[in-house]
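Tutor: Look over the sequence and the model below. Then ask short questions, and we will reason through each one.

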Amino acid sequence: MVTSAPWSRAARAVARPIPEEPPRIATRCPSSVDFMSPACACGGRVVQDLSCRLSYPSGMDLDLRKLRYFVAVAEQLSFGRAAEALHIAQPVLSRQIRALEAELKVQLFDRSSKGTELTPAGAQLLADARPLLASASALLRRVGVTDTFTVGFMPGLIVTAAVRVLSSRHPGLRVDVVRTTWEDQVEVIHDGRVDVGYVRLPVPAAGLSVVPLFTEPRVAVVPATHRLAGKESVLAADLSGERRVQHTDPPGFPVRRGEAGARGDTRRRCRVAVVDRGVLLARRPGARADRGHRAERGRSGVVRAQAHGFDSRIHRDREASVTLTDADIPLGPLAGSELTLWCTKSGQLWHGDSECVGLKQKAREIVQVQPRKGAIADLVSPGRVHCVPVGPMADHFTAGLALVEFDGQTDSYVLRLKEDVVDLTAFDVSSIRVLHPTVAKMPLARLWKQCRERRESFLDVLSEKLEERLPVMVAAAWLCTNKRSRQRTKQRKYARFNKVAVHEFRSLDRLTEWDVRDLVTRHVLPKFLKLVKEGEPPNSAASRVSAEQADWARQAVGERLPDLPDQVLAAWTRTTLRWIGLLDGICTAHHGDTFAVFHEHQMPLPTHAIHRLFPCSRIRSTTFSWLAGRIPAIFRLFLQERDRGLNGLELDSEHIYDDEQRALFLRNLFTVHGLPQLARRVETVATNPPKKPPVDTSDLNMHLRGFGYGVGDGGLSPAECRYALNAALHRRRLKKQWWVEPDDDPEPTSDVAGLPAEVVRLLEQGDGAELLSALQLHVRRGQLRAVQEVAKKHGSQERDLQTALTNAWWMFGGEFVGEAVRRRLVETIELDIPLLQPDGVLHVVELKRADAAAVRRHRNGLIVAGVVNEAVGQTMNYLTLLDEQRASLLNEFSIDTRRASATVVVGHPDFQEDLTPAEIHETLRIFNSHLSRVEVITYQQLLERAERVLDLIGKPELSEIAQQG
């Protein structure tokens, strides 16, 4: 009997075709066994192989969760399949593995385009991790008391009699049986899944007590014409050099002493069984040596070997790196059939389907008898076969050709990735099975499995590549939709791309500003963004569009201006490189992950790529399909993209939600809105293709068909979603409905006395969006009046102006989204007002006194005063210090100071009676034309700009409300 202590070693027994030891019974032994390398059993002794050990840092605590992630990847040798099995996102799994490698200070996996392989350190960690995880699981199982006794057994071993005796002697005991394999016959004992196991040796005996039961003879089956056919027994040495139909033992298989050098003891004899003809067959355990014996299929690829006229053909597994062809697709239902083929008078394609649309006329007809075995490439026909008769033949034929095309696409994806081009269509693995279900059935099932495994291995590498490429692809896709967008932020960003190009082409007299803007808007920028969106590296896309424009210039001018093409190439190269910087800035401003609910089909990624990269829960209906899960923050650009409503809602960027919490959020959301039929149809993990049909929601209230801001915007609001999300975070299932239909809303009871008439009108109409806009306009006009009072007051200090401008960042222009949280970004300086643009770029505002003279007379002209020169110099020093520490600021605060700019606000014309405002502002304009990163303005200019902004965004009725308020 064999038992294992709570922390015993769990080794893996791998397949061995010809065991030389008898079956034995094994149970867990009560003694404690320390961790060791895979052990070898020899005469009841345990021999430890200590030749390879992974040196773990002393005092380090291993995280079992990371260890479990590592084992999943090591067993699958695929990050994608491991992430799917663990129900987590692949980027999360990759980060956890990298964190484990950093803790251990070793590389555990070799990642390449051919797949993922374990390093020697990874193999050693896998050997040590399995027993640790198994022991932890066994410990949990042993804590409770159970009335079930489980028996494990290997195929070919009969345990029925023993189970019946045990059940009769212990009537209250439930006895279960579990069939084991070569891989897990010992593992199930160690991890507590079975209490006793009938095993076949050799097995790692560490932590086990083994009781021999019986032995089996060893037989070699040879053809009647073989040189050994006349002998009663042979030595293993006599079989050396013979082709054997048997498994090849994988590395790490536990062998006995005496087998280390050669495969088996050369002095050991076995009986010889003779068959009429065939191949040399190594008998499997428990198999009969009769002449009618059929061998089971092994890992080496042997399909069958049957005596008495058996088919000795051997199908070997094709190499994973070889592309599938027609010669690999078996004939299947076409084997041995009579095909009637038709062809046009002068055509080259032959049609087996008389109704084929490609068959215009049946000018020629022929009947061909097909071979009984072979491949589709062996079809007998006068020419290439286009189609076969409708039915099983056509299903098999079209599925086989689709499988060849699928495998060829995998090769093209691999080649594109070698060129650093990512193609998101590679994630579409399920479409072929939907269109051709026959690929998953015999005789194509084995080939389909191999093709799918090739694609999955490639997708693992592609997914890791996408971790760094995906944000810039999404940013480019976002900008590609500028023409139909209503986002002012996107329009301003698009205009900045134009501005960059105009600036770089200033030195070319041959192209006017209008020519450059037209080229950028119509040709160059759309082509550049499209290439980046489709997966081409930004630098490669920049070089490509620059070279194309240079070629167009060369064709246009010919030899009249030989230097112009080179000048155009240099200008476009500088422009596109700055465009790449703008895209990086957008990505930096939207770093990290966030939890969101969004429309499945309105994201910039194909749905099959989203399901693979970011596991989400889903609800599908006839009017909408929503996903809920954690996605990169860069996707918020598309969540805010609105034509009629939003594409989704960003809800939480702090917490991590597992599969159950994501699904619970959607169930809670529909429960509180009184839609239990939708709550019951939520998919915990979305799959492609879907497993269930959509829910009929044709009569659903329009309120639930989209997303909005919640006030007169038509759709779910963030507040409604966060209520359900907060309950899901604490794993609470909401049971009651709280949503009330608009017709059942009670009449408002709030007191409206004292409010402006226009406000009361908006309240009565329920136009909350207009009301909020009016209130915001009212608040901003109050801020403007406060700044005007301080700026026109003689003797106001800089701190007074800074206090008045607090939270009034909108006065400096619509390109800013707010102020930075910290004013002291660098130890030696403290900024007056640090503003942020949408892409994370910093803009510094330096405030000086309003009563200071900004301009003075000098001889016959006007120059800026000393306070202006001092402020500009001070600001340039700020920008220099921020630029020197741009890397740390970007990592710590996500603020980009590389492209930072500044505004200096100084002086007010009311305090300079000797000069007119026009003279002061013209002098500052000339002075600013010589500055690249700093602009100098007066407080009067600042206030006038703010008033124009309020006049532009305020409707007449809103302005009336703001003034009444």
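**Helices, a sheet and aromatic pairs**

Student: Which residues in α9 do Phe79, Gly80 and Arg81 in α2 meet?
Tutor: Helices (H or I, at least four residues) and strands (E, at least two) are DSSP runs, numbered from the N terminus. Contact means heavy atoms within 4.5 Å. By that test, Phe79, Gly80 and Arg81 in α2 meet five partners in α9: Glu453, Glu456, Ser457, Asp460 and Glu464.

Student: What kind of model is this?
Tutor: Residues are numbered from 1 along each chain as its sequence is written, and side-chain values use heavy atoms, with hydrogens and water left out. Local features need pLDDT of at least 70, side-chain atom pairs count only at pLDDT 80 or more, and totals for chains, interfaces and linings use all residues; this is a predicted model.

Student: Are α2 and α9 roughly parallel or roughly perpendicular?
Tutor: Axes are lines fitted to C-alpha atoms, for helices over the stretch in contact, and angles run from 0 to 180 degrees between N-to-C directions. Helix α2 (residues 79-86) and helix α9 (residues 445-480) pack with axes 7 Å apart, at an angle of about 90 degrees. Angles under 35 degrees count as roughly parallel, over 145 as roughly antiparallel, 65 to 115 as roughly perpendicular and the rest as oblique. The two helices, α2 and α9, are therefore roughly perpendicular.

Student: How many charged residues does the contact of α2 with α9 have?
Tutor: Ala, Val, Leu, Ile, Met, Phe, Trp, Tyr, Cys and Pro count as nonpolar, Asp, Glu, Lys and Arg as charged, and the others, Gly among them, as polar. The contact of α2 with α9 has one nonpolar residue and two polar ones, and its charged residues number five.

Student: Which strands are at the edges of the sheet β19-β20-β18-β21?
Tutor: Two strands pair if DSSP finds at least two bridges between them. This open sheet of four strands has antiparallel pairing, in the order β19-β20-β18-β21. An edge strand pairs on one side only, and here the edges are β19 (617-620) and β21 (648-652).

Student: By how many degrees are neighbouring strands of this sheet turned against each other?
Tutor: Take the average and ignore direction. The turn between neighbouring strands is then 20 degrees.

Student: Which residue in β20 stands opposite Arg620?
Tutor: β19 pairs with strand β20 (residues 625-632) in the antiparallel sense, over four bridges. The residue in β20 opposite Arg620 is Ser625.

Student: Which helix lies across β18, β19, β20 and β21?
Tutor: Look for a helix running at about 35 degrees to β19. Across β18 (593-599), β19, β20 and β21 lies residues 659-672, helix α16.

Student: Do the rings of Phe595 and Phe665 count as stacked or edge-to-face?
Tutor: A search of the whole structure finds 14 aromatic pairs. Rings of Phe, Tyr and Trp (its six-membered ring) pair if their centres lie within 6.5 Å; planes under 30 degrees apart count as stacked, over 60 as edge-to-face and the rest as tilted. Phe595 and Phe665 have ring centres 5.8 Å apart and planes at 80 degrees, so the pair is edge-to-face.

Student: How many residues apart are Phe595 and Phe665?
Tutor: Phe595 is in strand β18, and Phe665 is in helix α16. The pair links distant parts of the chain, and the separation is 70 residues.

Student: Is Phe595 buried or exposed?
Tutor: Buried means under 20% relative accessible area, exposed over 50%, partly exposed in between (1.4 Å probe, protein chains only). Phe665, at 0%, is buried. Phe595 has 1% relative accessibility, so Phe595 counts as buried.

Student: What is the centre-to-centre distance of the aromatic pair Phe614 and Phe635?
Tutor: The planes of Phe614 and Phe635 are at 75 degrees, and the pair is edge-to-face. Centre to centre, the distance is 6.0 Å.

Student: Are Phe614 and Phe635 buried or exposed?
Tutor: Check both residues of the pair. Phe614 and Phe635 are each buried.

Student: How far apart in space are His608 and Asn688, C-alpha to C-alpha?
Tutor: His608 is found in helix α14. At 17% relative accessibility, His608 counts as buried. His608 touches Asn688, and Leu424 is also among its contacts. The two residues, His608 and Asn688, are 80 residues apart in sequence, while their C-alpha distance in space is 6.1 Å.

Student: What is the relative accessible area of His611?
Tutor: His611 is in helix α14. Its contacts, leaving aside neighbours within four places in sequence, include Glu600, Arg618 and Asn688. His611 is buried, with a relative accessible area of 11%.
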